[in-house]
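Work through these short exercises with the model open beside you. Try each task before you read its solution.

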Amino acid sequence: MLSRPHPKPARSGRPRSAEADEAILEATRASLVDLGWSKLTMGDVATRAGVAKTTLYRRWAGKNELVVDAVAVLFDELEMPDLGSLAADVEAVVLQFAALLDRPETRTALMAVVAESTRDEALRARIRDSIVNRQKRLVLQGRRRAQERGELPVEPDEATADLTADLIFDVIAGAVVHRTLVSAEPVDADWARRFTLLLLAGLGAAAGQPVRQKPAGSV
């Protein structure tokens, strides 16, 4: 007697919808702009997104996780261009970053989660994992290209490479965030150029040799 094949177990719950996720994250950012962190609730987000509150809790454990993800997807829009020189690449990504921070939804959401994270270690860890560590990809891409072009030396070991990448990210992110959100000063092309010259001079000094700067657009 032939054995009958076992039926495949049914999937529990409804399949996750990318459209619903996008609507929820957009509604979260809108709620932050309108209400602020303290008044934002999962119920308000669900209403704005046109979904049931249970839909939110199937995806996110609570407000902290939801808000960080709503901010993180904005920073995923950043791209490290390949313009032929490290200076041109850095200037371009700095201007991208500043333009992103100039958007009300980004500015309000980022300042809200950073302020709340000073009282919440778990939230701070989620910011580090979902935003900071994810965006270090830009530094790694830019550094790799610059090393391939001979503009930057290759670090002697992986530990040094990691420390250098962390420092470059901190300098760029810290300077642009402070300039736009704390000092409320513009990040224009001239500021980006002067900042980039200072950064590259520092990288050259740290490496014990000047950074070889190629004209923008050269290959």
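Four exercises on this predicted model follow.

**Exercise 1. The overall fold**

Find out how many helices and strands the protein has.

Solution. Step 1: count the elements. The protein has nine helices and zero strands. Step 2: read them in order from the N terminus. The run is α-α-α-α-α-α-α-α-α. Step 3: check burial. Of the 219 residues, 40% are buried. Step 4: turn to the surface. About 12,600 Å² is exposed, and carbon and sulfur atoms supply 56% of that area.

**Exercise 2. The nonpolar core**

Work out which helix gives the most to the largest nonpolar core, and where this core lies relative to the two domains.

Solution. Step 1: take the core itself. It has 56 residues, and Leu66, Val71, Phe75 and Val94 have the most contacts inside it. Step 2: see who contributes. Helices supplying at least two residues each include helix 1 (18–35), helix 4 (63–75) and helix 9 (189–207). Helix 5 gives the most, with nine residues. Step 3: place the core. Domain 1 (18–59) and domain 2 (72–206) both give residues to this core, so it lies between them. Step 4: zoom in on Val94. Beyond its neighbours within four places in sequence, Val94 touches Ile172, Val176, Val187, Trp191, Ala192 and Phe195.

**Exercise 3. Salt bridges**

Decide whether Asp89 and Arg149 are buried or exposed, and find what their pairing ties together.

Solution. Step 1: confirm the bridge. The side chains of Asp89 and Arg149 meet at 3.2 Å, N to O. Step 2: locate both ends. Asp89 is in helix 5 and Arg149 is in the loop between helix 7 and helix 8, so the pair ties together parts 60 residues apart in sequence. Step 3: apply the cut-off. Buried means under 20% relative accessible area. Both Asp89 and Arg149 are buried.

Step 4: compare another pair. Arg103 and Glu77 form a salt bridge at 2.9 Å, N to O. Arg103 sits in the loop between helix 5 and helix 6, while Glu77 sits in the loop between helix 4 and helix 5. Arg103 has 28% relative accessibility, so it counts as partly exposed. Glu77, at 44%, is partly exposed. Step 5: widen the view. Arg29, Glu77, Arg103 and Glu105 are linked in a network of salt bridges.

**Exercise 4. An annotated span**

Describe the secondary structure of residues 41–60.

Solution. Step 1: look up the label. The unreviewed UniProt entry annotates residues 41–60 as "DNA-binding region". Step 2: read the make-up. The span is 75% helix and 0% strand. Step 3: check its ends. The end C-alpha atoms lie 13 Å apart.

Notes
Residues are numbered from 1 along each chain as its sequence is written. This is a predicted model: local features need pLDDT of at least 70, side-chain atom pairs count only at pLDDT 80 or more; totals for chains, interfaces and linings use all residues. Side-chain values use heavy atoms; hydrogens and water are left out. Helices (H or I, at least four residues) and strands (E, at least two) are DSSP runs, numbered from the N terminus. Buried means under 20% relative accessible area, exposed over 50%, partly exposed in between (1.4 Å probe, protein chains only). Accessible areas come from the Shrake-Rupley method with a 1.4 Å probe; for residues, only the protein chains shown count as cover. A nonpolar core is a set of buried Ala, Val, Leu, Ile, Met, Phe, Trp, Tyr and Cys residues joined through side-chain atoms within 4.5 Å. Domain bounds come from an automatic or database domain assignment. Contact means heavy atoms within 4.5 Å. UniProt positions are given in the numbering used here, feature names are shortened, and annotations may be inferred rather than shown by experiment. A salt bridge is a side-chain nitrogen of Lys or Arg within 4 Å of a carboxyl oxygen of Asp or Glu.
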